[in-house]
Amino acid sequence: MNFRRSSMLTVPSGGLLDRRQSSCLLNGVPQEPINVYVVRLSPPCRAVWIYLAQNKIPYNLIDVDYKQGNRELAERNPHESVPTIVDGDIVVFEGQAILRYLSSRYTNYASYGSTLSQRMQVESIIAWASSELHRIVGYRCAYPQSLKKYSLASRAATEVLVKSGTEQLITNLEMLEKLYLKDNVYLCGGQVTMADIVVATTLIQAEWVGFSFRMWPKVFKWLKLIEQVVEFWEDVHKTHTDYVNELKEALD
């Protein structure tokens with residue numbers, strides 16, 4: 001798959017909102033659109049993109065070629081990691097940190113729950129999904145089988161890694177099925193939150209290797225529900241969906 005760098009200005013319909021128009025934003029809108037460096041196949045990038053779009057925070061989406069990098073990104077973030085945002089003179093990288101910055105500065109923690117207890121639960125699940133869950137689903141299951149960069153030195157070693165990762169993924173799916181979704185429609189109760197979005201967009205990386213969630217009916221139903229109710233989900237995940245279809249065609 002080829003990735004090319006492109007820049008897309010995305011703003012709410014009708015142009016940039018001013019403070020009088022933007023009742024949903026805590027401190028109005030940025031003076032200039034936020035620059036957002038992404039790889040569209042990356043779950044943290046997609047979560048940040050959805051949050052910006054849902055909350056009508058103006059942004060420039062800048063695609064980064066994950067093979068070649070991006071000079072502008074390297075100048076701003078020495079780690080050259082995505083997602084990275086540049087908001088005026090403020091640079092924030094890592095999806096969890098970016099979401100915390102956007103929610104605290106612009107949206108009064110929209111989609112994080114209405115109480116401190118709810119917000120901390122959402123924050124905790126996002127932290128888990130951004131670290132342990134992504135490490136398992138991505139770096140121990142999907143990426144070693146799909147991207148040469150993440151394969152180990154030998155095929156046998158890669159197979160051992162993937163087997164271990166798959167076992168860990170199953171353990172986490174059991175936890176979601178029997179604990180978080182046992183009596184709840186969403187992970188944190190009756191309302192969709194950023195916890196649902198971050199966990200769901202991370203889990204579906206397993207689709208790269210044909211993993212099916214049907215053995216966990218509550219998880220499967222919840223994933224389908226998230227796809228339906230989360231605004232901008234389809235648009236943000238188009239590259240992911242196209243890539244999964246390419247992989248399926250290659251196997252046929």
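## The cavity and its lining

The residues that line the largest cavity divide into six nonpolar and five polar, with no charged residue in the set. Bear in mind that this is a predicted model. The lining is made up of Pro43, Pro44, Ala47, Gly95, Gln96, Leu99, Ala129, Ser130, His134, Val198 and Thr202. Four helices each supply at least two of these residues: α1 (43-54), α3, α4 (116-146) and α6 (194-203).

How many cavities of 30 Å³ or more does a search of the whole structure find? The search finds one. As for volume, the largest cavity comes to about 60 Å³.

## Ser103 in helix α3

Helix α3 spans residues 95-107, and Ser103 has its place there. Is Ser103 buried or exposed? Its relative accessibility is 0%, so Ser103 counts as buried; the cut-off for that label is under 20%.

If you set aside the neighbours within four places in sequence, Ser103 is in contact with Tyr51, Asn108, Tyr109 and Tyr112. One of these contacts, Tyr109, has a charged partner as well: the charged end of Arg119 sits over the Tyr109 ring, 3.8 Å from its centre.

## Aromatic pairs around Tyr143

Now to the rings. Across the whole structure, a search finds ten aromatic pairs. One of them joins Tyr143 and Tyr150 in a tilted arrangement, with 5.6 Å centre to centre and 40 degrees between the planes. Tyr143 is buried, because its relative accessible area is 6%. Tyr150, with a relative accessible area of 26%, is partly exposed.

Tyr143 also forms an aromatic pair with Trp208. This pair is tilted too, at 5.3 Å centre to centre and 55 degrees between the planes. Which parts of the chain does the pair tie together? Tyr143 lies in helix α4, while Trp208 lies in the loop between α6 and α7 (217-229), so the pair ties together parts that are 65 residues apart in sequence. Trp208 has a relative accessibility of 6% and therefore counts as buried.

## The ring cluster

Which residues do ring pairs link into a cluster with Tyr143? The cluster holds Tyr139, Tyr143, Tyr150, Trp208 and Tyr243. Within it, Tyr143 pairs with Tyr150 and with Trp208. If you are looking at the cluster in the 3D view, Tyr143 and Trp208 are buried, whereas Tyr150 is partly exposed.

How values were computed. Residues are numbered from 1 along each chain as its sequence is written. This is a predicted model: local features need pLDDT of at least 70, side-chain atom pairs count only at pLDDT 80 or more; totals for chains, interfaces and linings use all residues. Side-chain values use heavy atoms; hydrogens and water are left out. Helices (H or I, at least four residues) and strands (E, at least two) are DSSP runs, numbered from the N terminus. Buried means under 20% relative accessible area, exposed over 50%, partly exposed in between (1.4 Å probe, protein chains only). Contact means heavy atoms within 4.5 Å. On a 1 Å grid over the protein atoms alone, a cavity is a set of points where a 1.4 Å probe fits but cannot get out, and a pocket is an open set with protein on both sides within 12 Å along at least five of seven lines; lining residues have an atom within 4 Å of a point. Grid points are joined across faces, edges and corners, and a volume is the space filled by probe spheres set on the points. Ala, Val, Leu, Ile, Met, Phe, Trp, Tyr, Cys and Pro count as nonpolar, Asp, Glu, Lys and Arg as charged, and the others, Gly among them, as polar. Rings of Phe, Tyr and Trp (its six-membered ring) pair if their centres lie within 6.5 Å; planes under 30 degrees apart count as stacked, over 60 as edge-to-face and the rest as tilted. A charge sits over a ring if NZ of Lys or CZ of Arg is within 6 Å of the ring centre and within 35 degrees of the ring normal.
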